[in-house]
Protein chains: 2
Amino acid sequence: MFFEGSEKKVEIVVTAAAADLRRRPRAFWTELVSRCNATILSELHNEQLDAYLLSESSLFVWDDRILMITCGEITLVDSVAFFIDAIGRDRIAMASFQRKNEYQSHLQRTCFDQDMARLNQLLAGKAYRLGHLDGHHNYVWHMDKPFAPPTDDITTELLMYHIEGPAAQYLRSDKQSADGIAELLQLEQLFPGFAFDQHLFEPFGYSMNGIRGDQYITIHITPQEDSSYVSFETDLDIAAECPQLLQQLIAILQPSSFDLITFNTTPRLTPPPNMVCVAWQQQPLACGYQVEFRHWLSQAEHAQAGLQLS
Amino acid sequence: MFFEGSEKKVEIVVTAAAADLRRRPRAFWTELVSRCNATILSELHNEQLDAYLLSESSLFVWDDRILMITCGEITLVDSVAFFIDAIGRDRIAMASFQRKNEYQSHLQRTCFDQDMARLNQLLAGKAYRLGHLDGHHNYVWHMDKPFAPPTDDITTELLMYHIEGPAAQYLRSDKQSADGIAELLQLEQLFPGFAFDQHLFEPFGYSMNGIRGDQYITIHITPQEDSSYVSFETDLDIAAECPQLLQQLIAILQPSSFDLITFNTTPRLTPPPNMVCVAWQQQPLACGYQVEFRHWLSQAEHAQAGLQLS
């Protein structure tokens with residue numbers, strides 16, 4: 001029943017000469033995702049943004065940039081290589097690749113060192129690790145080329161582990177529905193004006209993309225006991241637009257551990273009182289982003305039983 | 001410069017019919033350790049116990065039991081299979097195998113699932129995981145056969161990560177000597193009456209076995225920055241004999257994270273004030289041991305820079 005929810009992610013901005021990405025034929029995007037063995041399940045479009053729900057996470061396409069997130073054992077660098085070859089290296093304005101630590105890294109097809117070596121062959125880059133090697137951590141590679149991100153080019157990633165409580169029970173039950181999950185997550189209330197595209201996986205698992213103008217939200221849920229993982233990501237300015245958002249997601253999903261990763265933004269987050277921050281790293285990237293990683297864990301106040309494996 | 005200090009460990013007790021283990025020729029022990037590609041570097045003997053310092057950790061031999069600890073990428077199950085074949089399954093009274101979570105599990109030759117499958121082919125067993133899958137954790141497999149451990153059959157393991165301060169600096173310097181490390185660790189004062197066998201590795205790394213009567217201590221140090229690891233293990237009754245021991249080791253090595261794993265004992269340990277217990281699990285094993293796992297981490301009070309990888 002194990003499924004690796006932890007994601008790899010790529011974001012690429014193209015120069016003005018290539019900034020007609022949304023005019024590319026659908027076959028281009030099908031090919032892009034097929035390069036890492038993913039498929040498009042459904043899609044959502046508005047005037048500024050195309051959002052594809054994938055068999056393993058999501059792809060967002062703006063005229064001048066793409067954002068692709070993949071979970072499981074997917075080798076996202078294969079899609080990165082296809083995209084860069086198709087667009088041309090000299091028309092890449094910014095590229096960043098992130099890889100979250102896995103629950104079971106030995107089940108992955110590649111390790112970050114291998115991904116990084118491959119990326120460095122495509123584009124000269126730099127890489128960092130934020131967080132300790134023996135705990136939650138995040139790898140970030142970026143093309144080593146100056147870039148000036150627009151002021152609204154910000155990202156917030158909230159990664160929740162070991163979800164508990166009624167929502168977690170519902171997400172593990174056989175009575176769940178996509179609309180039931182949307183209600184549980186209070187999507188309509190938390191994200192007014194967004195259009196949503198949802199998918200329920202068998203026997204468990206849920207993915208959602210939401211778009212409004214050029215803004216996106218995406219939520220991916222792997223509810224399996226012992227390795228549950230929920231990722232939330234957005235470019236919304238949480239501090240200005242919805243300061244209670246992160247607290248509300250945490251209150252609903254009751255994770256016993258979570259990471260907050262931000263690019264050029266500082267959303268408000270007051271963790272529950274029993275949680276402590278055990279890793280906090282900040283790194284300015286030469287491509288114009290300040291990335292920050294924080295990892296919270298709940299204190300263990302009582303002894304629990306071990307997990308029987310066989 | 002990365003070296004995986006995290007250990008695999010096996011302890012096997014034989015029945016009275018086979019309890020002449022120390023009479024076995026040295027070639028037997030050379031063969032045992034060679035099965036997992038380790039070698040004997042030096043040895044220490046007294047009336048009750050033989051202690052071998054290995055190229056990757058330690059082997060202790062009593063008349064009725066062995067304890068073997070290996071680090072790096074060693075596949076300890078190969079030595080376990082050799083030992084069980086040589087002794088005979090019906091003369092095994094107790095067998096337990098432990099595997100600590102690795103810094104870099106994807107570099108290992110096997111994962112615990114594979115070790116467990118192999119062990120279950122040798123002897124019918126049960127396995128548990130203590131600690132969370134996404135943080136420090138410990139796997140324990142044991143032969144599923146009732147066993148009544150003697151009252152002094154207790155074990156304390158203190159695993160220290162990310163050592164800091166003057167001791168850590170000394171351990172990473174090129175001026176270190178085995179005697180200098182012994183002084184730093186206050187071996188003579190902390191362990192009166194023990195005989196010591198030490199080995200310094202190139203360019204870094206230190207191993208020490210100590211014996212007194214039928215009691216042992218063993219310390220293994222991987223000082224490398226970013227993945228430093230120091231393991232201490234003993235069968236001393238710390239609460240009765242040296243209640244300040246664990247605090248003193250922690251005060252000297254200043255780890256920013258440590259695990260305490262105990263079998264049938266509850267040594268005293270008051271962690272430094274900035275450290276919090278983030279995992280605490282207890283599990284009774286059908287072979288007569290109560291195993292307990294606790295993991296402490298220091299709170300992150302200031303942002304640090306990320307680690308540049310390339």
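How much area is buried between chain B and chain A? In this predicted model, the figure comes to about 4,000 Å², with carbon and sulfur atoms giving 53% of that. On the chain B side, B:Leu133, B:Asp134 and B:Trp280 give up the most area to chain A, and together they make up 16% of what that side buries. Counted by residue, 46 from chain B touch 46 from chain A.

As for symmetry, chain B drops onto chain A after a rotation of 180° with 0.0 Å of shift along the axis, at an RMSD of 0.0 Å. That is how a two-fold axis relates its copies. Within chain B, B:His106 has the C-alpha nearest the axis, 2.0 Å away from it. Of the interface residues of chain B, 100% also serve as interface residues in chain A, so the two copies meet through the same surface.

Turning to the polar side of things, 23 residue pairs are in polar contact across the interface, and the salt bridges between the chains number 2. One of these links the side chains of B:Arg129 and A:Asp226, at 2.5 Å from N to O. Among the elements of chain B that each supply at least two residues to the side touching chain A are α3, β7 and β16, while β15(B) brings the largest share, 8 residues.

The chains also share an open, mixed sheet of 9 strands, in which β17(A) sits beside β15(B). β17 of chain A and β10 of chain B are the edge strands, each with a single partner, so one side of each has no neighbour in the sheet. Further in, β14 and β16 of chain B run antiparallel and are joined by 7 bridges; B:Thr262 has B:Glu292 as its bridge partner in β16(B). Helix α8 of chain B lies across β9, β13 and β14 of that chain, at about 15° to β9(B).

Conventions: Residues are numbered from 1 along each chain as its sequence is written. Chains are lettered from A and ligands numbered from 1 in the order in which they are written. This is a predicted model: local features need pLDDT of at least 70, side-chain atom pairs count only at pLDDT 80 or more; totals for chains, interfaces and linings use all residues. Side-chain values use heavy atoms; hydrogens and water are left out. Copies are superposed by least squares on the C-alpha atoms of residues with pLDDT of at least 70 in both. Contact means heavy atoms within 4.5 Å. Two strands pair if DSSP finds at least two bridges between them. Helices (H or I, at least four residues) and strands (E, at least two) are DSSP runs, numbered from the N terminus. Axes are lines fitted to C-alpha atoms, for helices over the stretch in contact, and angles run from 0 to 180 degrees between N-to-C directions. Buried area is the accessible area (1.4 Å probe) that two parts lose on being put together, summed over both. A salt bridge is a side-chain nitrogen of Lys or Arg within 4 Å of a carboxyl oxygen of Asp or Glu. A polar contact is a pair of N or O atoms within 3.5 Å; within protein, one must be able to donate a hydrogen and the other to accept it, and residues adjacent in sequence count only if both atoms are side-chain atoms.
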